[in-house]
Amino acid sequence: AMARLTILHFPDPRLRIKARPLPSVTAETRQLMDDMLETMYAAEGIGLAATQVGVDQRVLVIDVSEGRNEPRCYANPEILSRDGTERSQEGCLSVPGYYEEVERAEFVRFRALDRDGNAIEFETGGLLAVCIQHEIDHLDGKLFVDYLSDLKRRRIRKKLEKEQREERDRARDSVPAI
Ligand code: QAP
Ligand code: CO
């Protein structure tokens with residue numbers, strides 16, 4: 001059975017942990033991939049890295065298809081080469097409600113292990129290339145807000161901290177006092 005995981009929000013310090021490579025893809029890895037897919041689809045995202053759900057492993061899931069029926073699961077992802085540059089609007093499930101322009105490589109040559117543990121390699125562009133770069137950044141403890149000005153990043157952090165405080169207080173107030 002699949003389970004929905006909790007997505008960490010910026011500026012949670014766990015988002016800064018550099019994830020560790022997997023020795024191999026096991027049944028446990030596949031369970032994590034499935035849980036991450038369920039979590040990503042429920043949140044209406046196109047990509048999710050294990051770091052975002054507090055798991056210190058180099059695993060990511062992506063679905064950039066229109067029908068949201070082409071799940072991609074990767075372990076130990078690597079960018080072998082990059083070509084060109086492109087600016088596009090990005091968001092992040094760990095930075096809810098904020099979208100900003102980020103510059104990335106336009107094309108990437110990509111290598112990873114798939115859900116079955118087989119080595120795969122391909123070159124891609126467009127949204128998939130942007131998403132791969134964004135998600136690998138997560139595994140290295142990096143967020144898209146790190147590419148913005150200090151002023152923009154600080155504003156986003158302050159607003160999200162306020163929202164998180166308010167959410168925590170609401171949750172506490174809904175528990176009957178002893
Ligand atoms: C990364 O991001 C990405 O703020 C994946 O309220 C984004 O799935 C790669 C989301 C853009 C390439 C281009 C964000 C959902 C989803 C939000 C996401 C939100 C609800 C972000
Ligand atoms: Co993200």
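**A cobalt site, a five-stranded sheet and two cores**

Author: Cys92 (SG), His134 (NE2) and His138 (NE2) coordinate the cobalt ion (ligand 2), at 2.1 to 2.2 Å. This is a predicted model, in which local features need pLDDT of at least 70 and side-chain atom pairs count only at pLDDT 80 or more, while totals for chains, interfaces and linings use all residues. Residues are numbered from 1 along each chain as its sequence is written, chains are lettered from A and ligands numbered from 1 in the order in which they are written, and side-chain values use heavy atoms, with hydrogens and water left out.

Reader: What makes Cys92, His134 and His138 donors to the cobalt ion (ligand 2)?

Author: Donors are N, O and S atoms within 2.8 Å of the metal (3.2 Å for Na, K and Ca). The SG and NE2 atoms lie at 2.1 to 2.2 Å from the cobalt ion, and therefore satisfy the 2.8 Å limit. Water is not among the atoms, so the site may look incomplete.

Reader: How are the donor residues spaced in sequence, and where do His134 and His138 lie?

Author: The spacing is C-x41-H-x3-H. His134 and His138 are both in helix α2 (residues 126-139), four residues apart, which is about one turn of the helix. Helices (H or I, at least four residues) and strands (E, at least two) are DSSP runs, numbered from the N terminus.

Reader: Why is Cys92 called buried?

Author: Buried means under 20% relative accessible area, exposed over 50%, and partly exposed in between (1.4 Å probe, protein chains only). Cys92 has 11% relative accessibility, so it counts as buried. His134 and His138 are buried as well.

Reader: What makes Arg20 exposed and Ser24 partly exposed?

Author: Arg20 has a relative accessible area of 55% and is therefore exposed. Ser24, at 37%, falls in the intermediate class and so counts as partly exposed. Arg20 is in the segment before α1, and Ser24 is also placed in the segment before α1. Beyond its neighbours within four places in sequence, Arg20 is in contact (heavy atoms within 4.5 Å) with Asp56, Gln57 and Arg58.

Reader: How do you know that Cys73 is in no disulfide?

Author: A disulfide is a pair of cysteine sulfur atoms within 2.5 Å. The nearest cysteine sulfur to Cys73, that of Cys131, is 13 Å away, so the criterion is not met. The structure holds zero disulfides. Cys73 is buried, at 8% relative accessible area.

Reader: What makes the 17 residues a nonpolar core?

Author: A nonpolar core is a set of buried Ala, Val, Leu, Ile, Met, Phe, Trp, Tyr and Cys residues joined through side-chain atoms within 4.5 Å. In the largest such core, with 17 residues, Met33, Met36, Leu48, Val59 and Val61 touch the most other members. At least two of its residues come from each of α1 (27-42), β2 (59-62) and β3 (72-90), and α1 gives the most, with five. A second, separate core of 13 residues includes Phe10, Cys92, Val145 and Leu160. In soluble globular proteins, nonpolar side chains tend to be buried together.

Reader: Which residues does Val61 touch?

Author: Leaving out residues up to four places away in sequence, Val61 touches Met33, Met36, Leu37, Met40, Ile46, Gly47, Leu48, Arg72 and Cys73.

Reader: How do you know that β1 and β2 pair, and how many bridges join them?

Author: Two strands pair if DSSP finds at least two bridges between them. Three bridges join the antiparallel strands β1 and β2, so the requirement of at least two is met. Gly47 stands opposite Ile62 in β2. β2 and β3 pair over four bridges, β3 and β4 over 12, and β4 and β5 over six, each in the antiparallel sense. Among the bridge partners are Val59 with Ala75 in β3 and Arg109 with Glu123 in β5.

Reader: Why do β1 and β5 stand at the edges?

Author: The five strands form an open sheet in the order β1-β2-β3-β4-β5. β1 (47-49) and β5 (119-124) each have a single partner strand, so one side of each is left without a neighbour in the sheet. The twist averages 35 degrees from one strand to the next; axes are lines fitted to C-alpha atoms, for helices over the stretch in contact, and angles run from 0 to 180 degrees between N-to-C directions. Helix α2 lies across β1, β2, β3, β4 (100-113) and β5, at about 115 degrees to β3.
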